[in-house]
Amino acid sequence: MHVNLMPTNKMIVYDATVYRKSRLTYPKGVPCVPFRFNNTNLTLQDCFAHSMEYDIETNQVRPLKVTADPWCSSGGLAPDGTLVSTGGWNDGNKTVRYIRDSCSDCDWREHNDIFQEPRWYATQHILANGDFIVIGGRGAFSYEFVPKEGQISEKAYYLPLLYETTDFFAENNLYPFVYLIPDGNIFVFSNYRSILLNPTTNKVVKTFPILLGGSRNYPASGMAALLPIRFDYNNFSINAIKVEVIVCGGNSPDAFVKALNKQGFLPALQDCARMIITDPNPLWDIEMMPSRRTLGDALNLPNGQILFINGAQNGTGAWWNAEEPNLTPVIYSPDKPKGQRFKVLNPNTIARMYHSSSAVLPSGKIWVGGSNPHDTYKDVDKYPTETRVQAFYPPYLDPNLDKFRPLIIQESSDKKLRYKVKFETQFSIQEGDKLTDDDIKVTMYSPPFTTHGFSMNQRLLVLKSEDIVEVEKGVSYKISSMAPPFAEVAPPGYYLLFVVHRGVPSKGMWVQI
């Protein structure tokens with residue numbers, strides 16, 4: 001249900017605790033978790049793990065212990081590489097959890113009753129100072145700032161947008177789409193409306209045009225991503241940096257209620273809408289995807305493309321509420337002319353619908369897992385509980401492209417970056433004769449926390465790079481890049497850095513800024 005790639009090349013994965021069952025048990029010697037059965041005085045023992053550390057190199061897992069229910073929670077990587085998880089359900093709805101998997105026995109640290117209001121289906125986003133803001137949640141028309149570990153949140157700030165965009169019973173404004181933009185304000189998209197929020201003054205500073213056509217947030221469950229933020233045009237000032245959002249899919253405002261009442265599964269939306277957030281007079285620009293999609297993921301790929309993957313073609317989020325899985329991934333190339341941006345890829349054979357997730361790996365592969373449209377484990381069903389994990393290979397991993405693929409020489413490359421300071425990356429290419437500055441791009445990717453079709457804190461930066469120097473004739477090269485100019489465009493923390501040769505990315509190297 002929830003995944004985040006860590007700078008250790010491990011995935012932290014977790015699910016709900018409420019049903020006290022999983023397919024992974026605690027190892028011998030680890031105490032089980034006592035719990036009261038159905039609010040009675042009967043105490044039972046939960047010996048199942050509801051979180052794990054997954055090694056992306058070996059496919060081995062290590063059980064982790066999470067006790068305050070993180071069902072439908074939010075999260076993100078702190079600047080030091082700690083995963084900070086917020087909210088959840090029941091005893092976990094005001095909890096903040098921390099894990100830094102830098103040791104063989106590291107585990108979750110949990111602090112309960114931290115927030116002023118419950119944060120179930122909320123969105124968490126990192127700020128320029130490295131702190132987190134948590135926005136929304138079921139019945140919480142407000143936002144709060146995550147305090148220092150162990151401290152209590154001082155205040156919940158009312159946000160009228162969340163109340164005003166709540167559809168009766170269906171809501172459709174949960175897991176709002178949230179992004180930090182260069183002027184330090186926060187873009188918040190809820191259901192069909194969006195604003196800019198100043199997190200310092202707590203004032204709404206801009207209201208954007210309404211996006212017509214349907215509902216976009218959970219449970220209608222559309223997708224959203226920022227287009228690559230580019231610095232390769234000498235655009236380093238706040239006013240020169242363009243930030244554009246894309247919102248795709250979802251469903252009608254009443255689709256959730258109709259599915260819940262067994263009145264049928266309405267077709268998901270098929271449109272995509274782009275808007276330049278930083279434009280003085282922003283407008284939505286609409287185009288159509290090759291197929292309808294709800295419950296899908298939108299992932300920034302290291303070469304600047306966006307991958308739409310997973311989801312369904314009918315229905316919404318929530319148990320038993322979707323039909324007709326969308327098995328076909330789609331690549332979106334934002335720089336191509338309108339009408340030529342979508343490319344349909346080979347279909348999956350496994351339905352990845354409600355409670356599925358995906359993640360970009362350092363190799364450029366896509367980690368795909370989950371899908372459980374039931375309230376517990378079901379092995380025999382039209383859409384069974386899915387615990388198989390897959391690797392999806394985007395087109396840039398075609399073996400025929402390997403001779404053009406850069407290989408970062410990490411021991412000769414800078415890994416500690418400073419804002420607006422040049423750094424060097426050394427790489428080799430099998431067939432790299434006559435490379436020019438235009439042939440090579442250097443990108444930085446912020447690995448997101450992904451759940452319920454939204455990848456929180458995700459962004460891809462295209463750096464200003466120049467001065468390719470041949471280190472060994474026809475074999476290895478060195479390129480100079482300018483680090484991002486300030487923290488509002490690249491919040492402090494860990495990023496995957498890629499060298500991209502004419503659309504073919506290297507494996508990623510972890511850097512920290």
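# Exercises on bridges, disulfides and a sheet

Arg-62 is buried, with a relative accessible area of 18%, where buried means under 20%, exposed means over 50% and partly exposed lies in between (1.4 Å probe, protein chains only). The model is predicted, so local features need pLDDT of at least 70 and side-chain atom pairs count only at pLDDT 80 or more, while totals for chains, interfaces and linings use all residues. Residues are numbered from 1 along each chain as its sequence is written, and side-chain values use heavy atoms, with hydrogens and water left out.

**Exercise 1.** Find the salt-bridge partner of Arg-62, and state whether that partner is buried or exposed.

*Solution.* Begin with the criterion: a salt bridge is a side-chain nitrogen of Lys or Arg within 4 Å of a carboxyl oxygen of Asp or Glu. Arg-62 meets this with Glu-53, the closest N and O atoms being 3.1 Å apart. Next, look at accessibility: Glu-53 has a relative accessible area of 8% and is therefore buried. In the whole structure, a search finds 26 salt bridges.

**Exercise 2.** Describe the salt bridge of Asp-285 with Lys-338, and say where its two residues lie.

*Solution.* The closest N and O atoms of Asp-285 and Lys-338 are 2.8 Å apart. Asp-285 lies in strand 23, whereas Lys-338 lies in the loop between strand 28 (330-332) and strand 29 (342-344), so the pair ties together parts that are 53 residues apart in sequence; strands (E, at least two residues), like helices (H or I, at least four), are DSSP runs numbered from the N terminus. Asp-285 is partly exposed, with a relative accessible area of 34%, and Lys-338 is partly exposed at 42%.

**Exercise 3.** Determine how accessible Arg-502 and Asp-439 are, given that their side chains meet in a salt bridge.

*Solution.* The N to O distance between Arg-502 and Asp-439 is 3.0 Å. The pair links distant parts of the chain, 63 residues apart, with Arg-502 in the loop between strand 41 (494-501) and strand 42 (504-505), and Asp-439 in the loop between strand 34 (422-428) and strand 35 (440-446). Arg-502, at 59% relative accessibility, counts as exposed, but Asp-439, at 11%, is buried.

**Exercise 4.** Work out what Cys-248 is bonded to, and where the two residues lie.

*Solution.* A disulfide is a pair of cysteine sulfur atoms within 2.5 Å, and the structure holds three of them. Cys-248 forms one with Cys-272, their sulfur atoms being 2.0 Å apart, and this link is right-handed, with 110 degrees about the S-S bond. Since Cys-248 lies in strand 21 (residues 244-248) and Cys-272 in strand 22, the pair ties together parts that are 24 residues apart in sequence. Cys-248 is buried at 1% relative accessible area, and Cys-272 counts as buried at 0%.

**Exercise 5.** Place strand 22 and strand 23 in their sheet, and explain what is special about the strands at the edges.

*Solution.* Two strands pair if DSSP finds at least two bridges between them. Strand 22 (residues 271-276) and strand 23 run antiparallel and are joined by four bridges, and Cys-272 stands opposite Glu-287 in strand 23. These strands belong to an open sheet of four strands with the order 19-21-22-23 and antiparallel pairing. Strand 19 (223-226) and strand 23 (285-288) stand at the edges, each with a single partner strand, so one side of each is left without a neighbour in the sheet.
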